[in-house]
Every structure is written in C-alpha cells, then in structure tokens.
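Here are some exercises to work through with the model open beside you. Try each task before you read its solution.

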Amino acid sequence: MDVAVTRAVLWLCVVWMSAGCGKRDARPSGDVEVAIGAQQTRARPSPARARQMHSGSLVANPAGSLLFVAHPDADSVSVIDVSTRTLAHEVLLAAASPTESPLGRYEPAVQPRALAVDAAGATLFVTGQRSGSVYAVDVASGTVKASAHVCSEPIGVLVSRDDAHVFVACSQDDEVVELRASDLSRLRIAPCPREPWALAWAADGKTLLATHLLGPGVTAFATAPLARRKTWPLADGVAQGLPCRACAAHLSREPHGPVRGIYDALVRPGTSELWVAHIMLGIDTPQPSLDFRQTVFPALSILDTRGRPLARLSVQGNPGDAGAFGDVVSGPHALAFSPDGHFALVADASSEDVLVVDAERRVEAALVRPLRGHLPEGIAWVDGKIYVQDRNTETIEAFRLTAGPDGKVSVEADGAPFRSLSSDPMPVSLRLGQKLYFSANSDDVPTTQNHWVSCASCHIEGRSDAVTWLFTQGPRDTPTNAGGLLDTGFLFRTADRTRVEDYFLTINLEQGGHFQMSEPSQRPLLKALAAFVNEAIPAPVPPSTDASHALRGKALDDLRARGEAVFSRVGCATCHAGPAKTDSGSGNPELNLKGPVVASDTPGGVLLHDVGTCVKSGPAPDVDHLDVDGDPRAACSFDTPALRGLSDSAPYLHDGSAMTLADVLPAMLAASAKPGIPPEALSSEERRALVEYLRGL
Amino acid sequence: MQLSGEPLAEAMGRDLKHYKRNDPCQESVCPPGIYYATLHAVTTEDGGPSRVVDIPGFSSAVESYEYSKQPMNNVAFESGAGTSLLFGPVLNPNGVRGTRALELAQRWVSHMARASNATGRFVQEIDASHPLGWPGLWPTLQPFAEWDPSIHPTRTAGCSISSDDNPGAKGALACGDYECDYTSLHLPNRDRQVVPAIGPGPSGWADWKYALWTLNYLQSMHGSKETAVESVNPTQLAYVGVPGNSIAGGRLPGVYLGSSNIEGFQAGNFIQILDNQAAQWLLQLTTTSGTTLGGFANLPDALRYGPASPLRWFPASIRVTERADASGFPAPAGYAITEPGSRLLDLAGLLGAYATAYTLTDQANADVGGSQSVRAYFDGDPFPEQNQKPDGEPTLHDRALAMIRVVVVNIDRMHLDPATGLLVDRASASGTGISRGTTLSGEAAAYTLLALRTARRALDSQLALYSNTTPDTAGIPTPLDAFPPLGGMTFGARLDTLIATVAGMFYDRLTTPEGRAYAGWDVARATPTDDGTSLDAHTAAVRGLLIGYLATGATKYRVRAQAVFDQVERAFYDPAARVYRATPGDAIVFTPRRFALLQSMLRDTYELVAVLPGNDSMAALIRDRLGRLNKLVLDGWDDRDGDERIQWPSECARLGPDASGRPLGLGGLQMAERALTGESGAMEDPLHPGARVLAEDRDHDCVPEISAAGLPAALASSVTFTLTPWTVAQEGQVVRGGRWTSP
C-alpha cells in the first residue's frame, strides 16, 4: 500500500557474507537468460499390433491410425481417421437414431458403452448397455457384421490375445461372459460380485480383471478356461490426519470412506502395478457437519499382481499431507498411461479435466483444466498424443505432453477439438441437463465449489451409490434417479419435495453449489436438469438371470410370474401400486405438500406410512423435520418408494439397513399384514419367487 | 492488499497459537522470533515445548500483522494527513461547520465507544484536551496522496495496552507506545508537511485496507472482559452494544460490538469512513467534463449507470483547499481538479475497497455479512438496517454496490480499448470523446485483476477475510445483473469477461512460456513496452497469473506462474546479498509496492504451488526467501553471519546514534514501531529487577521505537541497500564511511 510516503530516501547498508561476494562482476545482474530445454516425452513408438489392455469408450486401432468412439446417447460408434481428424465411418447400431418418445423420454435403444478392437484392427466389438447385445463392426467398411444378445447391461469388453474370444462384463447379471469372436456365440459364464464394469488384462496378459462399479473392488478371472479366481476388495479409505490434527473436522476432510465408482483399471506399462480409478464416500460425517469437501474423494488405488494394495493416491486434505493430487478432481472415469509408464492420465468426468500423475513419484505432475468439451469419459495415448473423448459435446480433444529436464510437465492442446459425431440426436436441452447432472466443473457451472461434487457423484450412472448418508432428517440410502421421477409421486423419503427443480437445495447444501429457483437466469438451468433426470436417465434393465445364475429365459419368467402372484397376495401391492409401484401422491395428483399427512388414501392428503423401519437411536436417528415448503414431517412416516430398477438399487429401506431384497421381506411382510394378524409365512420357494419378481422390476 | 500472513504461516504448517508476540527478549543476542514448535515434537529436558527460532513463520504470522495495520492507523486516525471526517456527507449531511460539526462527531464517537465498550480506557470523557474522547484521535475522510510523516513524539504518553499480551508476568508499563493516545502522532506542521490533494487512488487503496481490517475486527463480538463471543441468542442481537446490556456471552454479562473494545471501536470508524467516502465520491467528486466536479443525482442514478449514461468518472487528482474551523479540524473550502484523467490502478483500489465493504453488508455471505458479529453493526445501531436490495436506499450496502457498478462500468467504457479489446492504464474524456493511453503496465494489470476478482467474489457472496486458495465458482448471479446490461451482457458476465481479458493479457502478452515477463504492453503497437528485465514485471506477472488461475480455474495460468517464478530466481536473486535485486549495480532498492509484489509472489506461489505434493524443495526455498526478505527489507536486520540471532546493534543494516550517542538500528522500510509491533511488550531492567526501562529498541530487532525514530510506525517510500564486502573476521563491526569498524 502506497499511502505512507516520506520524502527522505533512506540509504542503508547490507553486507556480503560469502567469500566470493566481493567480486562484483560475478554477481547476477539484471536479467539472466537461462535456456530452458523442453523435450517431448520420449514415447516409445507404438508397437505394431499392440494389444488393447482395457476396455473403454475411446480406443485406437493397433496401428494408431484410427480412433473408435462409443456414443451412448446416439446409439452409434464412430471411426475417426487420426491423421485428418475426420469421421471415416459412423456406425449406427440401432434401427434408427434415438428420438424423444411421445411421452418425452429419450432412451437410446442400444447405448453403446465400451469398445474392444482385435489385434488386427479389423473388427471392433461394442457393448450395448440397453440392448444387452454385443456388436462386431467391420472396421474397413464401417458395417455391423454380427450382433448377439448376451446379457443384461453389458459394459466392459476385451478380446483375447489370439483374437478368438471376446470377454464381456455383464453388469446387471453379475457375470463375465466369454463369447466366440467369430460368431459371438456364448461359450462360458463366470459369476462374480455385483456389477462388473470395466475389463482389463493383468500384467501376465492372461488374467482378466473386472472392476465392480459399486464395490467391492476387482475380480480376477482365469481365461483358459474362463473362471473366477479371486475378488480383491478395495478397502475403505482411512483418514490419514497428522497427529496434531486429530480432530473430527480435519479428519473428515482427509480422503476416506467406502470405495465406489470403480470405473477403470489398467496395468502400468513396464510394471506389474494395477492402477484402479475410483471414488471414496465420506459417509461417516453427519449433517450439518458434512459439507462438499467431506463427501466425495477421488482416488487411484495401486495393486500388485495378487491384488494387494501398494498405494492409494487421493487429494491433499491438509498442507503437508502425503497426498498425491494437489488439485481436487471429481469423477475419475478412465485411465491411460504414457507408453513408458512414466505418466498416468486420468479423465475426470465430473470435474472435466485430465489429471497427469507422475507414476514413478506417485504425485500429481499436471492438471489439464479446462477441457473444451464436457463430460470426458474416454482417454487414450496414441503415438505421443493424448486424446480425450467428451461424451456431452461429442468431441475429441488432442494434447501433447512434454517433460522438461527439470521434471516439469506441460500439456498443451494439439489443435482444436474435433467432432466425433456428425449430428447429435440428443436434444440440446437434454444435453444441457446432462452436463449439469454430471458436472462438478465449478469453473463452468455453480453446481459445487472447487470441482468437488456433482449430482452423479452420489447418483452414480444416474442411479445409487449404495451407501447411507447421515442427513439431518435421518439416515438416508441414496435413491436411484433411473427411469425419471415424474410418475413416482412425492420426492424424498418423507415426501419433502415434489419436483426435481427443488433439488437446487441439495445442490446448495450437499454439493456446495449456488442455485436459486427465484433467480431468472438459473431457472432454465434447473429446468434442463429436471428434464434430463425425468426424461433421459433410462431405468435399469433387469437381470436376465436369477440370483443363483441358474435360470434364464422362460424359466426365469415363470418364476417371476409366481413371485408377482405372491406380491399381490400378501398385500405388497396395496402400497406398491400402479406403474411405478408406489401409492405416493394418491389422492393428491397435484402433489400439494400442504395437504394433511395421512396414513390412508385421502383426497388432498400426503400419504405416508410408518412401516416399522424408523431409526430411533444411534448417531443419526430419524427426526421430525420440515419439508421444502416448511410443512412438518414426522420422523417415522415414510413415502412409499417406487420399485423400478429394484435389482440395481441395493441396499434397501430408507436407511439402507437391508442389504438384499430377501432382507427386506420380514419388515415389509409385517407392514402389509392386517392389524393384529401375524404376517403371512412364506415358503422358501415363495420367497425366492417374490425376490425374483422384485429383481425383475 | 491481502497481506494474509496468518494463513500463509498456516500453509507452512505452523500452529498460530504457539506464537507469542510479546516474548521478552532481554538477551544481548536476541532470537528474531520464537516459536513453540509442537509440530516438530521437540521437548526440553523438563518436558516443556521446545523454543525454536522460526523466522519465516514468525515474521509472516505475527509481524506482517503489524506491518499492515500500523500504517493504516496512521492514515486513518493518527497523522491528520487527509481531509477531516467531521465534514463527511453522511456523518454531517447538512455540511455544518464549527462546534456543530464537532458535536456531530463527538456524538458519533461517544456512541461507538459505548457500543464497543471502549469508554474509559480508550475513549475518555470529552473535554478540551480530548475533543473526540480518544486522546489525539484525528479521523480522516479522504487521505492525502503525499506527505512528510515526520513527527515529534514524546516519551510521556500515559496510555499503554502493551500489558494486554502478557498481563501479570511483566505488569503493565505506561510507556510511549501510542496505542491509545495519538496526540503526539499528529503531523506537527501539517500545512507544511502535506500536499493537500486527494484522489481515487489514495482513497481506494487506503479504503481497501480499512475494509479488510474491518472484516478482521468483526470476526466476533466480545464480552465485558474482552472474551470473544461468537454468537448470542438471535432475539438479543439488537441489544449487542447497548450500554448496560446483560446478554450472556463472556465471563460477565454484557456483549459488545467487534472482537475487542478497541477493535470494535476502530471498525465502526472504518465503516463510517468508507460510507462517507462513497457518498462523497458518488455525489460530489465525479466529473463529466474533466474540469468541474459534481455527482450523480442520487444513488439509484449511480446504480443504473451504464454504457448509455452520460460519461461520469473520478478524476485522478483533486486539490483540496481548507480553512481553519472552530471544530478544531480543518474544514474543506473547495475542491479543484488537478489531474482530470482516469487511472486504472486508482479504479482498482476503489473497486477492491468497496467490494470488500459490500461484503460486510451482504447477509447472504454467511461468513461475513451474514454473521451475527457483523449484522450487529447493521441492525439500525450504529448503522442503518439495509433491505439487501440494490434499490438506492442510503446505506453502505447500496453505496458500495454503486461504487462497484460505476468503477466497473468505467473500466469497461474508458480503459478498454475497443479496437484491441485490451485495457490501458490511462484515459481521459472531453466533449470529443474518450482519449486513451496506449499502454498497460503489468503492475496495474495485476492489481486490476485482483480487484475485479474481489468484486466477483463479493457479489457472489463468497468473499471472506483471507484470500482463498481454490478456484472460484463460476456462474453465480450478482445483485447488479438486474441493471442495464454492459456490452449486451449481465453485469456478472461482463465482469467475467474483463477478468478473462486481463488474465489473458498476462498469459498471451505480458509473459512468455520461458518465464520472461514484461513491464507493460503497448496496445497500439502490439509489442511489450520493455525487454523483460525488471523484477517488478515478473512479480506482478506471478501475482496476476495466479489470480487468473483462481478466477478461472485454468491451470495454464498456474503453470506459467511457475515458469515466471523460476525466472525470478534465475535472473533476480542475488545469492551474495541473499535478496532479490530489481536492477543491476550496487544498490538494491525497495519500495512498499515492490516489497508487496515480491512478498505476495512468494506467498501466492507458496500457497498455490509449493504446498502441492512433490514440491517440497520449492517450499523450503520460499520459506528461506520470506524470512530473509521480511527481516532485511522491513526490519533492516542483516543476519550476515547466518546464525539466526541478531548481533545487536552491529547487524542492523542502518545505524544511527541514539539519544546517548550509542549505535541504534534505524529500521528498514518499517521506519519505527510501537511496543505491539513484535516480540517484546515490556522490558525489565536487568540491573534493577522489578523496574522497567525505556529503550529505543526494546526487542532488539533493529527497528527503533517511535520516540527514538521521530517517525510513525509506517513505511518509508523507499529503502536502498548497498553492498559492502564482509568476512567473518569483521563480526561485530559496523560500516562507517564505507569501511568496517568497531561500533
């Protein structure tokens, strides 16, 4: 501050202290130019016919001349000429491009999610999440030469070393399936824990690895023949606070919590290290202490060849912590490595950036932010360049990484982004809503602060994170948004809200965002967000096999039909009625929150039930509270949840206390029994049928 | 502007509660800072915490506090180097003079003193010798741009608060520390010592500091015994500060405004100054011609000011004519424009100041304006309630918004070159249109970017006391968006565009990928204004680039800042002198601005880069640089033997004789200090236990006390160091006539 001015200039004296300092001419004077050499990282030339080591939505052919891109929102895959950055082929996998249905829903029929190319680069295999099919695309002609229905929600896909077999992670069936590459016929099935997602080859090149999106970790499979070997759980993160900070406030900001969102895994070249991208959820911090900095933590776990943990890198909670990322990123989604294995690259779907990690030192080397597109879901290193696939904007961005002799890394854009799709069938408003839903890019939209949390951080894939949060109202299992919320009555477990736009409160309170319904400039954004949630998050495809992996097809259908009869007979359907299987909003079609809280269908009432599941003790019991409009809500009166996509939304009950659907039955059978009459006793076969019916919803 | 030493020390891993700013130093060889370093887990034989010398931590966490605060107090309350607050348009709306003006001020001061519980000890009964209660209080409205700070202090002021920091152990010592008696801190020959000119620059940059310290002082309320009170029952908030209130909060009933008696009182005065200044700038001190002064018709008119409004701006310099007044304070008799142009750096000061002031009034800002301790000031007593809408009500809330609006619109209208889309330092206007300069300096660009970002964060209800270290959130609507658009955009969007423009200047024009930084950019020629060999250009560039990173989140700015930082080390650090030099040659010259840029470069680089995992060596280097810089440049202590002990006074870089003719260190940029400046609150006479001695430099840190220096605890306009060869054999000697000799 230049406010105190003296006219006397003070002449002082400072002396030299070192022996050589008397040589005035040796002193640095003025500006000294120091040449800084910057050399491009010596990426080894991609060996011809390099093997694809993990599944992804962006892959290159072995020669590095073509990029393949999956378009989940357009039901197509693109083949892009790397040299010209132009579309060589655009391959539609559905009968027609997706469009909005008469009811306004936008649900692609195929939803291609992952790609695998054979060693010759001739055939591209594509999984269709919604169609349940795998497609074989002839790269040269850009045509589908074969397709086959494989399972429910196939995601990860890889080709065997000899190109003879294709492996597919069936996320809703909890299986990995081996197909014959030539005709896509099913050869073997290997059951595994829940929701296998990405596939990767282990360092030995023979062991197949599958991540599990919602935990527990990674499963290793033998491939000759296909058989599950072992599942390597990724342990919950433990806060690593310094002793002097041994207090809850600091520890809750240290990365910790259950592992979820395990989107990718990849062996680091030249090593046997398996790097796994995921998040951790800080569910132990109750509101109101819980804030956006304590909720979701990005992480990279490094495992050895036997699945033992070597390291876990996450954000720096406090200065001096031995963290790896100095920057907060969100939604680590896809991994790549430089060919020499020196740098790991992480595409972060929510914070919308690329984290560059010095894999030797295991610290952040650079952060590429901002990207010019939105929702980056794929990343690949091809011939010295980094390519990033932006799902929302359907663009590809190219970068060039250079590392100087001092170890400093810079990543510069290599030209302008280029289109990966000639024409986007998804309506602009839904694209906007999709961006808002997945974005924690606080440089772009105020959905959070410092890139921490997006809606999708907890609603992983628009669904659930399979954990219970300690909210002010009580313990709350994260509900799914899949299938939309328009026909599910009131929202929140105790009918506290009526429309998705009301979730600006969640954005503000839990994500640290800044939205107001009253703000004219933000109303359209909330409307777009609501439209995306209500119209463009498809309901899960039910499992195509029973829980024991014994029944499929008609046998399974018959079992579920018997279960439906049980469902009606024992009275479940009394409350779980209608298309969405809920009585929420009955008698109150306008969803007027001001209506009296009632326990039976009453015109204008807010129908809630005490089904005996109330949590009355513990660190976060259910408590009386107010709804969004200030109306009182009792602690133990709950809104009947819809049952859509039930198989995918474990755990169950409002507090997540029932781990399986079988665990739900005692409480619900008791709740559905008439007063004074004991719940109906079901045979084991009836229970099995009922559970399978529920899994099929 | 954000001299945030405490968070910097915390970023270094220091625990502030272990520092003791009045640790007595009665040894001949004094440590320059004591730190009870529990982090290092070192204990003494008796199991107590180890005392370690921690120069960077102590100078950042403790001393920078005073370096920042005391020059501000000198301007606002002590020296009289400005126009008098008695004639501010809010405090004195009818412009009365003489005793009527004095009575208004007395009423205000007395009221504020009671509300902050500062009566008695600080604010005394009003009488002829204490016309405003507080002995010697001389509150300024607009500071003068330039003055000679020499004073004739005494050693007999009978008012001390030095015992606050160590009551009991050493006892209170009445000494000339001037903390609560400003009488002898006035400019003794004010008419001859000041250049009576005001301007948006001096006011803006002083105001920014006032506003920041007000945020600091309003972090809590306080009880009767000056214990912090974080909250009270909401129904009792209106009674906070009411004399005789019985609100439970501290050890005894009664809760008062501000974090302590003195800080609550001073904060109220800062708010009063800010509010009066805003009213004067908006309604009296604008020009539409460059020749005559006037103002907006009213506050709503200022809030609506936009591209289509008649151009109205703040002239760079205004000469004030004063006349003696019966109030005892000089009254303004006239204002005349002496420099009609508009300066970007001046506008940056005003923008930062009123953005920060707005934060105090913004109840949506939970940490500041929404907190009870701040709302207690704006609940009708002592300041009016505000409806939180930008509708032109006569409150600081709306005046601050209007200042933000006018400044940003004029940066856009006057300083943005339409041909290139780039900002320029200077602009003026006449009937024929706007005439712009052709250059933008890096320093002005850095501070403009800081001010623009501060405004953005304030309007987003995100601004807090200390600068944050994480990127801002984009897209939050602002309360000024409802007014006419700027360039077809909402106010907030236009603000973002300006931020991006200035940040882009640093990346695309003012620096190179190799880290070279230019002092300025010639907009007309599209070339740098120099060859990129100035220290200030580089430090300003790091500052600007890191602000750009925080404002946009784009990491390219941070990467470039690292490159420039590396260039500063390579090109400007003199390992022999262990300090940065701005130019080749023997002399090493520091001004407050150079020091501020350099220190903020080090601080920002530390907080935003060095703390990142893997950057340990950079962190160590910056800690070393910070400690040396603070102690050498501010204090004038040259630890030439590197033992981290002050060989006093021989290691004081500038020596003069004390009253007895013995050598006395005369300080660095810091010309003098009072007891609270640093390490020692009181000094026990080693020869006579229990007795106190008055010394010229009780803490032996090379900065003389006010009495010895004949100068206030403020910063010099410059300090120049020259290098003289030295060897260990000359330990204990001092330089006289260019040669080492025994003291």
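**Exercise 1. Find how confident the predictor is in chain B, and where its pLDDT is below 50.**

Step 1: Start with the average. Chain B has a mean pLDDT (the predictor's confidence in each residue, from 0 to 100) of 89, and 90% of its residues reach 70 or more.

Step 2: Look for weak stretches. Residues 162-176 of chain B have pLDDT below 50, yet this stretch makes 35 contacts in the model beyond near neighbours in sequence; a contact is two residues whose C-beta atoms, placed from the backbone, lie within 7 Å. Residues 676-682 of chain B are also below 50, with 38 such contacts.

Step 3: Read with care. Where pLDDT is low, the predicted coordinates should not be read in detail.

Step 4: Add the overall scores, ipTM 0.91 and pTM 0.93.

A word on conventions: residues are numbered from 1 along each chain as its sequence is written, and chains are lettered from A and ligands numbered from 1 in the order in which they are written. This is a predicted model, in which local features need pLDDT of at least 70 and side-chain atom pairs count only at pLDDT 80 or more, while totals for chains, interfaces and linings use all residues.

**Exercise 2. Work out which residues have the most contacts inside the largest nonpolar core.**

Step 1: Set the terms. A nonpolar core is a set of buried Ala, Val, Leu, Ile, Met, Phe, Trp, Tyr and Cys residues joined through C-beta atoms within 7 Å. Buried means that 20 or more other C-beta atoms lie within 10 Å of a residue's own, exposed means 12 or fewer, and partly exposed is in between; C-beta atoms are placed from the backbone.

Step 2: The largest core has 227 residues, and Leu351(B), Tyr354(B), Met403(B) and Ile404(B) have the most contacts inside it.

Step 3: Zoom in on Leu351(B). Leaving aside neighbours within four places in sequence, its contacts include Ile404(B), Val407(B) and Ala451(B).

Step 4: A second, separate core holds 166 residues, among them Ala116(A) and Val606(A).

**Exercise 3. Trace the open sheet of 4 strands in chain A.**

Step 1: The strand order is E3-E4-E5-E6, with antiparallel pairing. Strands are DSSP runs of E, at least two residues long, numbered from the N terminus, and two strands pair if DSSP finds at least two bridges between them.

Step 2: Strands E3 (58-60) and E6 (86-92) of chain A are at the edges with a single partner strand each, so one side of each has no neighbour in the sheet.

Step 3: Antiparallel strands E4 (residues 66-71) and E5 (residues 76-81) of chain A are joined by 6 bridges; Val69(A) has Ser78(A) in E5(A) as its bridge partner.
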